[in-house]
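Student: I would like a close look at a single part of this model, the surroundings of a bound ligand. Please go through it step by step, then carry on to whatever is connected with it.

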Amino acid sequence: MTKIKQVPVMTPSEMSVKRRRSEPIKSKLSSTSHNPNQAILKYYYQRYNLFSKYDEGILMDYEAWYSVTPENIAKHIAERVIQSLGTKGQYLIVDGLCGVGGNLIQFALQSPKVRVIGIDINKERLDMAKNNARVYGVDHQCDFVLGDFCEIMKMLGTRNQIDAVFLSPPWGGMSYLNDEKYSLNSMTPNGYDLITSCQTYLTKNIAFLMPRNVDKQELKKKVLANQPTDTFDLEENRVGNKIKTITAYFGELQDPIATTDSE
Ligand code: MGP
Ligand code: SAH
C-alpha cells in the first residue's frame with residue numbers, strides 16, 4: 001500500500017470542486033499529522049470508485065467522503081433489491097438516510113419504474129444528493145425530504161405502499177474499526193431500533209448497510225429475539241478484493257438459497 005507522507009489541505013468546498021480526471025490536486029501541503037483532511041485524502045484518491053461521474057459536477061462534504069457507498073456496491077445492492085421484488089408496474093424505495101445520494105442514484109438507475117424517496121436530516125447534504133441525482137439524470141425519479149427519518153417514517157408508510165427500505169446510518173465516524181466487533185447499538189440512530197421501526201411502520205423488506213466488523217452474533221440474537229420469524233441474510237460487499245461493507249437483507253430481499261452467516 002502506498003504510504004502518504006505529505007497531504008494537500010482541502011476545505012470541503014475545494015473537495016466539492018469539479019475536476020478533470022487528469023488534473024492534479026492543487027492545494028497547500030500540510031505539515032501536521034493531525035490534519036483531518038489527511039484521513040479524507042484516501043477517499044479523494046478513490047473518487048471515481050465512489051462516483052464514476054465525479055468530474056461531471058458531483059458534490060461532497062466532509063462526512064460524505066467517508067460515508068458514501070462505493071458505486072459498484074450501491075449498484076449491486078440496488079440490482080438485488082429490485083430483482084428480489086419481482087416484476088412490478090412500479091417500485092417505491094425509501095432511502096431513509098440518503099446522504100449525498102450514492103445509493104439513491106443507483107436505485108433510480110435500475111429502471112424508470114423506480115421512484116426513490118430520499119430522506120436526510122442535513123439540508124446541505126440533501127441538496128448535494130439532489131445535485132448528484134441530476135448529474136446522473138435521475139432527479140426526476142426522486143423525492144427529497146428534509147428531516148428525521150425516525151419521525152418521517154411514521155407517516156410515510158400510512159400514505160404510501162413502500163416496497164423496500166434502504167438504511168445506511170452514520171457509524172460514528174471513521175473510528176468504527178477500532179471496535180473488534182461493532183454493535184448496531186453504537187449507531188445514532190440506533191441500528192436495532194431502526195430495523196424494528198421500519199418493520200412496524202414501512203415494510204419488512206429492508207437492506208441495511210453495515211460495517212465490515214459488525215457483530216454478527218449480536219445481530220442475529222437481537223433480531224431473532226425481537227421476532228423469531230425475522231430471518232435475514234448477510235452479504236460481503238467488495239471493491240476489488242477488499243471487503244468494504246456488509247449488507248443485511250430482510251423480508252423478501254433475502255436470497256432463498258443463501259443462509260444467514262452467524263459465524
Ligand atoms: P472505510 O472506513 O473507508 O474502510 O469504510 P476501508 O476503506 O476499508 O478503510 P481502510 O482504512 O481499511 O483502508 C469503507 C466504506 O464503508 C466507506 O467507503 C463507506 O462506503 C462505508 N462507511 C464508512 N463509514 C465510516 C460509514 C458511515 O459512518 N456510515 C455509512 N453509511 N457508511 C460508512
Ligand atoms: N448511503 C449514503 C451515505 C449515508 S451517510 C450515500 O451513499 O451517499 C448517513 C447519513 O445519515 C448522513 O448524511 C446523515 O446526515 C444522515 N442522518 C443521520 N441521522 C439521521 C436521521 N435521524 N434522519 C435522517 N438522516 C439522518
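Tutor: In this predicted model, ligand 2 is surrounded by 22 residues, and the closest of them are Asn103, Asp120, Arg125, Phe149 and Ser168. Sorted by class, that shell consists of 10 polar, 8 nonpolar and 4 charged residues. Two helices, H4 (62–67) and H6 (102–110), each contribute at least two residues to the shell around ligand 2.

Several contacts to oxygen atoms of ligand 2 come from the protein backbone. For threonine 69, a backbone N or O atom is 3.0 Å from an oxygen atom of the ligand. A polar backbone atom of valine 100 lies 3.4 Å from an oxygen atom of ligand 2. For cysteine 98, the distance between a backbone N or O atom and an oxygen atom of ligand 2 is 3.5 Å. On its own, ligand 2 would expose 590 Å², of which the protein buries 94%.

Helix H6, one of the contributors to that shell, also packs against helix H5 (residues 71–84). The axes of H5 and H6 are 8 Å apart, and the packing angle is about 45°. Angles from 35 up to 65 degrees fall in the oblique class, so H5 and H6 are oblique to each other. The crossing of H5 past H6 is right-handed.

Helix H4 leads on to the other ligand, as H4 gives two or more residues to the shell around ligand 1 as well. Around ligand 1 there are 17 residues, with Tyr43, Val68, Arg212, Lys242 and Lys244 as the closest. By class, this shell holds 8 nonpolar, 5 polar and 4 charged residues.

The polar contacts of ligand 1 include both side-chain and backbone atoms of the protein. In the side chain of tyrosine 176, an N or O atom lies 2.8 Å from an oxygen atom of ligand 1. Lysine 242 places a polar side-chain atom 2.8 Å from an oxygen atom of ligand 1. Serine 67 uses its backbone: an N or O atom there is 3.3 Å from a nitrogen atom of the ligand. Ligand 1 has 650 Å² of accessible area when taken alone, and the protein covers 88% of it. Besides H4, the elements giving two or more residues to this shell are helix H2 (36–45) and strand S7 (242–250). The most comes from S7, which supplies 3 residues.

Going back to ligand 2, Phe149 is among the closest residues, and helix H8 covers residues 149–159. The axes of H8 and helix H9 come within 9 Å and cross at roughly 15°. That angle makes H8 roughly parallel to H9, because the class takes in angles under 35 degrees. H8 passes H9 in a right-handed crossing.

The loop between strand S4 (164–167) and helix H9 (191–201) contains proline 189. The peptide bond that joins threonine 188 to proline 189 is cis, with omega near -5°. Most peptide bonds are trans.

Definitions and conventions: Residues are numbered from 1 along each chain as its sequence is written. Chains are lettered from A and ligands numbered from 1 in the order in which they are written. This is a predicted model: local features need pLDDT of at least 70, side-chain atom pairs count only at pLDDT 80 or more; totals for chains, interfaces and linings use all residues. Side-chain values use heavy atoms; hydrogens and water are left out. A residue is near a molecule or strand if one of its heavy atoms lies within 4 Å of it. A polar contact is a pair of N or O atoms within 3.5 Å; within protein, one must be able to donate a hydrogen and the other to accept it, and residues adjacent in sequence count only if both atoms are side-chain atoms. Accessible areas come from the Shrake-Rupley method with a 1.4 Å probe; for residues, only the protein chains shown count as cover. Helices (H or I, at least four residues) and strands (E, at least two) are DSSP runs, numbered from the N terminus. Ala, Val, Leu, Ile, Met, Phe, Trp, Tyr, Cys and Pro count as nonpolar, Asp, Glu, Lys and Arg as charged, and the others, Gly among them, as polar. Axes are lines fitted to C-alpha atoms, for helices over the stretch in contact, and angles run from 0 to 180 degrees between N-to-C directions. Angles under 35 degrees count as roughly parallel, over 145 as roughly antiparallel, 65 to 115 as roughly perpendicular and the rest as oblique. A crossing is left-handed if the near helix is turned anticlockwise from the far one by less than a right angle, and right-handed if clockwise.
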